[in-house]
Amino acid sequence: MDARALAALAANPGCRRRALLDGAGIDKGALASALGAPANFGQSQFAHQRGNSFEARVKADGGADLVRLLHERLRDGSEPPGPGAVATPDLTAPGPQGRTARTALALREATEAGRWALLDHPMVSLDVAGTPAFLEPDAVVVHPDGSWTVVEIKSFPMVDGSADPAKVGAAARQSAVYTLALERVASMIGRPPEDGGGAAGAVDAVDAAETASGAKSAEAAAGTSETAGPAGAVAAVAPAGTAAREGSVVPAGAASVRARVRHHVLLVCPKDFSNLPTAEMVDVRKQLAVTRRQLDRLTRIEEIAAALPEGTTFDLRFTDDGRTPTRPVEELTAAVEAVDAAYAPECLSTCELAAHCRTRSRAAGRVEALGRGVRSELGGLTTMDAVLTAAMERPADDAPTGDPTVDALRRAAALRAEALASRPEAVACR
């Protein structure tokens, strides 16, 4: 799972289908195509190239311009960073667990140093319904006061200081996922956990990954210690000259590090329609609270999988070319339908399976196809037929039913009938 998928999942926590498919690493795009309802959204190759080119320009010169943009938007009266004042630690490590551990180490060292630092494409982890997800922000800036700011770089334009609200909202939700994962790292830096294990234990995934791959180097081996935890690389890695105790890493003789994640992220976009970067601070406290609450509510993947019929699989059975599925559509559809979905029109812009779910929702006459707002207004009336029956079947005495939803539907139907009766040429519809 990446941050975009987690943001979409958190926005629709009731969709067990997406939770299971994402947790299992299923290619939903290939699955949707095999079902005959391919996804119709995503970026073109040209858009990807343009985005990569813009990001490279933003991060040029060791990130000096990016940190300068951040300092200008902060407007806190602090001294701007001088030439060569921004550190750019090396985050290279084998595998996602190794990169996560290396990121935690770099964040701790930069926080202790009390200087500007730019972490280019760091990696952090987040536990999602019992499954670890590794996330890669565009950048994280460490401030001299020990605080951290998430940087989100997008290729959509910011015209006269404002951008498309929908795109800004999506970027804010995505940044909130990064912020939530970084808060977990910040809470563990400089303080030992209560025990040596668990998700809060300090993990040297760099050492573990290199040992497993047979590529352990002297540099990576120098000063690292391992304490395994179920969520992969989480807390910190001890460099040479530090003392580790009870599975944690604290500098020998040093006080605990105070690290915090700022709740305003830096959104960097092209200025107007040029390739010059501009930026604005975006408050993600609301998105952060919603994401935290929704992720906490997500059903664990194991519970969803346990409820499936025996032998359920989403294997497409590709031919030798790896691109042509051979599994019968009826069999694949039955497997997908074995997992409950919570379709809403908003899914069309965030989920590859949305077109399939929309078709099935319409075929079943579910009111969800009209949107979450309509669904919430209709209460216990979950199908179109139930809604139309409640609206059209009026008792002879026209007495209220006591159900405010049914009474409102009948009143609306009566008003519509009067409007149609006043225009004989109008065609009644159902």
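This is a short tour of a predicted model, stop by stop, with something to select at each one.

**Before you start**

Residue numbers count from 1 along each chain as its sequence is written, and side-chain values use heavy atoms, with hydrogens and water left out. In this predicted model, local features need pLDDT of at least 70 and side-chain atom pairs count only at pLDDT 80 or more, while totals for chains, interfaces and linings use all residues.

**Stop 1: the whole chain**

Show everything as a cartoon and colour by secondary structure. You should find 16 helices and 10 strands; these are DSSP runs numbered from the N terminus, with helices being H or I of at least four residues and strands E of at least two. Of the 430 residues in the chain, 42% count as buried, where buried means under 20% relative accessible area, exposed means over 50%, and partly exposed is in between (1.4 Å probe, protein chains only).

Switch on a surface if you like. The accessible surface comes to about 21600 Å², and 52% of that belongs to carbon and sulfur atoms (Shrake-Rupley method, 1.4 Å probe; for residues, only the protein chains shown count as cover). Among contacts with a separation of 6 or more, 63% link residues 24 or more positions apart; contact here means heavy atoms within 4.5 Å.

**Stop 2: helix α1**

Select residues 3-11, which form helix α1. Here 7 of the 9 residues are buried, so the helix is largely enclosed by the rest of the structure. The buried ones are Ala3, Ala5, Leu6, Ala7, Ala8, Leu9 and Ala10. To see what covers them, add elements including α2 (16-23), β2 (124-128), β3 (131-135), α7 and α10 (285-297).

**Stop 3: valine 177**

One of those covering helices, α7, spans residues 165-188 and holds valine 177. Is valine 177 buried or exposed? Its relative accessibility is 0%, so valine 177 counts as buried. Beyond residues up to four places away in sequence, valine 177 touches Ala3, Leu6, Ala7, Leu126, Leu135 and Thr291. Try a distance label too: valine 177 and alanine 10 are 167 residues apart in sequence, yet their C-alpha atoms lie 9.3 Å apart in space.

**Stop 4: helix α2 and arginine 17**

Return to α2, which is mostly covered, with 6 of its 8 residues buried. Those are Arg17, Arg18, Ala19, Leu20, Leu21 and Asp22. Their cover includes α1, α3 (28-34), α11 (301-306), α12 (329-337) and α13 (354-363). After the helix comes glycine 25, with a positive phi near 75 degrees.

Now pick arginine 17 within α2. Arginine 17 counts as buried because its relative accessible area is 6%. Setting aside neighbours within four places in sequence, arginine 17 is in contact with Val336, Glu337, Val339, Asp340, Ala341, Leu353, His356 and Cys357.

**Stop 5: arginine 73**

Move on to arginine 73 in helix α5 (residues 64-74). With a relative accessible area of 16%, arginine 73 is also buried. Which backbone oxygen does the side chain of arginine 73 reach? That of alanine 279, at 2.5 Å. Apart from neighbours within four places in sequence, its contacts are Leu266, Thr278, Ala279, Glu280 and Met281.

**Stop 6: helices α15 and α16**

Finally, select residues 384-392 (α15) and 404-421 (α16), which pack at an angle of about 70 degrees with their axes 7 Å apart. The axes are lines fitted to C-alpha atoms, for helices over the stretch in contact, and angles run from 0 to 180 degrees between N-to-C directions. The two helices are therefore roughly perpendicular to each other, a label for angles of 65 to 115 degrees. Val387, Ala390, Ala391 and Met392 of α15 meet Val406, Leu409, Arg410 and Ala413 of α16.

Zoom in on arginine 410 in α16. Arginine 410 counts as buried, because its relative accessibility is 16%. A polar atom of its side chain lies 2.9 Å from the backbone oxygen of alanine 390, and the backbone oxygen of glutamate 393 is 2.8 Å from a polar atom of that side chain. Leaving out neighbours within four places in sequence, arginine 410 is in contact with Ala390, Ala391, Glu393, Arg394, Pro395 and Thr401. As a last distance label, proline 400 is 10 residues away from arginine 410 in sequence and 9.5 Å away in space, C-alpha to C-alpha.

Conventions:
A polar contact is a pair of N or O atoms within 3.5 Å; within protein, one must be able to donate a hydrogen and the other to accept it, and residues adjacent in sequence count only if both atoms are side-chain atoms. Angles under 35 degrees count as roughly parallel, over 145 as roughly antiparallel, 65 to 115 as roughly perpendicular and the rest as oblique.
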